[in-house]
Amino acid sequence: MPYRRKFLTRAGYTTLSALLTVGFLQKDKQKEDHSKNRTVANYTNDDFPLRQLAAAKGKLYGAAISHDILLKEKDYANLIARECSIVTPAGELKWGATEPQPGEFTFESADVIADFCQKHNIELHGHTLFWHMANPDWLPYPPTLKMIERHVKAVMGHYRESKVLKSWDIANEIIADNENETDNPTYGLRKGVKPELIRDLFLIAASVDNSKKFYLNDFGIEGATWKSDRFLKMVEYLKNSGVKIDGAGIQSHLWFSTAYSFDEKGFNSVLKRLNDLEVKPIITELDIVIDAPLPDSIKKLDQMVADSYKRYLDLCFAAKVDTVITWGLTDRHSWIRHPDWMPRKTFRENPNLWKFLRPLPFDENLKPKSARNAIAQAFGQATSTPIRLG
Ligand code: XIL
């Protein structure tokens with residue numbers, strides 16, 4: 001077992017999470033753990049599942065997961081169950097997976113994840129009802145309102161009674177990357193997408209099941225950019241249209257480098273504008289790549305990734321972010337390493353550098369990396385009230 005649970009049972013963790021912070025546990029240096037004859041001082045944050053460290057601060061931590069890996073790899077499934085209080089299906093709820101033929105729906109793969117969540121008391125984040133990718137060949141982009149209605153009714157309807165599915169990315173990546181890719185300069189929507197269509201999509205969703213949280217999700221909004229400004233305008237438009245929108249999903253596929261700086265001030269202002277609009281910012285797809293110049297060792301690289309996690313999460317937590325989902329849990333399964341999604345030319349042109357793509361908290365052998373410790377520390381230092389994990 002690569003990653004050991006050391007001294008408390010799951011029930012023990014659950015009770016403790018509501019009562020204690022890890023800081024308290026670490027201060028309690030003399031306390032004996034008689035079952036293993038060790039002192040609590042020997043334990044580090046590694047001993048506490050991230051889900052518990054998050055819960056102690058009223059927050060959720062989780063990862064994007066895939067049903068096929070869940071079924072194939074027991075160690076992976078165990079690690080997800082141990083660390084996560086929320087998960088996102090990486091592909092199982094996308095249009096191509098749920099409605100491969102017009103009007104024919106299947107939830108077999110998504111339900112593997114839903115059942116897993118039920119069994120392990122994990123929240124399920126529904127991703128996503130509307131995207132320009134992972135669609136079946138027959139579907140135009142944007143789909144017609146009729147197609148949207150049929151799809152949303154069936155997919156959301158399937159999970160209406162679900163005890164684990166608590167939130168939906170109603171729309172994903174609707175904002176274009178720059179002004180050349182939109183015919184709508186105000187909201188910057190992808191070509192062909194009208195603001196009214198998105199409004200109607202949210203209205204349809206609310207008519208099917210308004211008991212869930214509704215998010216608008218996007219990437220490239222982690223700073224003051226043309227895109228983040230359009231994203232915020234679209235959120236504001238939805239709010240002003242009287243549509244139910246609970247939160248904004250900030251994907252956070254991040255690149256850090258010593259060659260350029262992260263726009264901390266700009267990102268802070270994005271978070272502030274969302275909070276002012278009473279639209280909750282959550283982090284939905286976090287992973288961190290270190291861009292050139294690369295360090296001369298993996299150890300240094302891992303430390304840079306960890307420092308970047310800490311810096312980013314500190315900033316998020318200061319702005320009341322309460323949910324952090326990484327896009328995967330282990331470097332063994334990261335989309336970043338897939339040739340189709342290979343980021344940026346530095347890596348695409350030189351496969352020897354792929355070993356420097358280590359964007360997630362655990363390594364290929366499911367060993368915790370410094371990034372995991374950084375996430376643990378960020379949760380540990382966040383201020384907030386504990387929640388009870390059921
Ligand atoms: C990615 C998955 O991780 C890949 O496995 C899949 O083939 C393509 O989609 N933004 C999103 C996610 O909103 O749905 C994407 O997931 C990653 C980028």
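**Ser252, Gly220 and the ligand shell**

Mentor: Let's start with Ser252, whose side chain makes a polar contact of 2.7 Å with the side chain of Tyr312. This is a predicted model, where local features need pLDDT of at least 70, side-chain atom pairs count only at pLDDT 80 or more, and totals for chains, interfaces and linings use all residues. Residues are numbered from 1 along each chain as its sequence is written, and side-chain values use heavy atoms, with hydrogens and water left out.

Trainee: What makes the Ser252 and Tyr312 pair a polar contact?

Mentor: The term needs a pair of N or O atoms within 3.5 Å; within protein, one must be able to donate a hydrogen and the other to accept it, and residues adjacent in sequence count only if both atoms are side-chain atoms. The Ser252–Tyr312 pair, at 2.7 Å, qualifies.

Trainee: Why is Ser252 called buried?

Mentor: Buried means under 20% relative accessible area, exposed over 50%, and partly exposed in between (1.4 Å probe, protein chains only). Ser252 has 0%, so it is buried.

Trainee: And why is Gly220 called partly exposed?

Mentor: Gly220 has a relative accessible area of 30%, so it falls in the in-between class. Gly220 sits in the loop between strand E7 (213–218) and helix H10 (226–240).

Trainee: Which residues does Ser252 touch, leaving out those up to four places away in sequence?

Mentor: Glu222, Ile283, Glu285, Leu286, Asp287 and Tyr312. Contact here means heavy atoms within 4.5 Å.

Trainee: Glu285 is in the ligand shell too. What makes a residue part of that shell?

Mentor: One of its heavy atoms has to lie within 4 Å of the molecule. The residues around the ligand include Lys94, His127, Glu173, Gln251 and Trp327. A polar side-chain atom of Glu285 lies 2.8 Å from an oxygen atom of the ligand. For Gln251, a polar side-chain atom is 3.3 Å from a ligand oxygen, while for Glu173 one is 3.1 Å from a ligand nitrogen.

Trainee: How do you know how much of the ligand the protein buries?

Mentor: Accessible areas come from the Shrake-Rupley method with a 1.4 Å probe; for residues, only the protein chains shown count as cover. Taken alone the ligand exposes 410 Å², and the protein buries 78% of that.

Trainee: Which residues have the most contacts inside the largest nonpolar core?

Mentor: Phe202, Leu216, Met234 and Tyr309, in a core of 107 residues. Such a core is a set of buried Ala, Val, Leu, Ile, Met, Phe, Trp, Tyr and Cys residues joined through side-chain atoms within 4.5 Å.

Terms used. Helix = DSSP H or I, 4+ residues; strand = E, 2+ residues; numbered from the N terminus.
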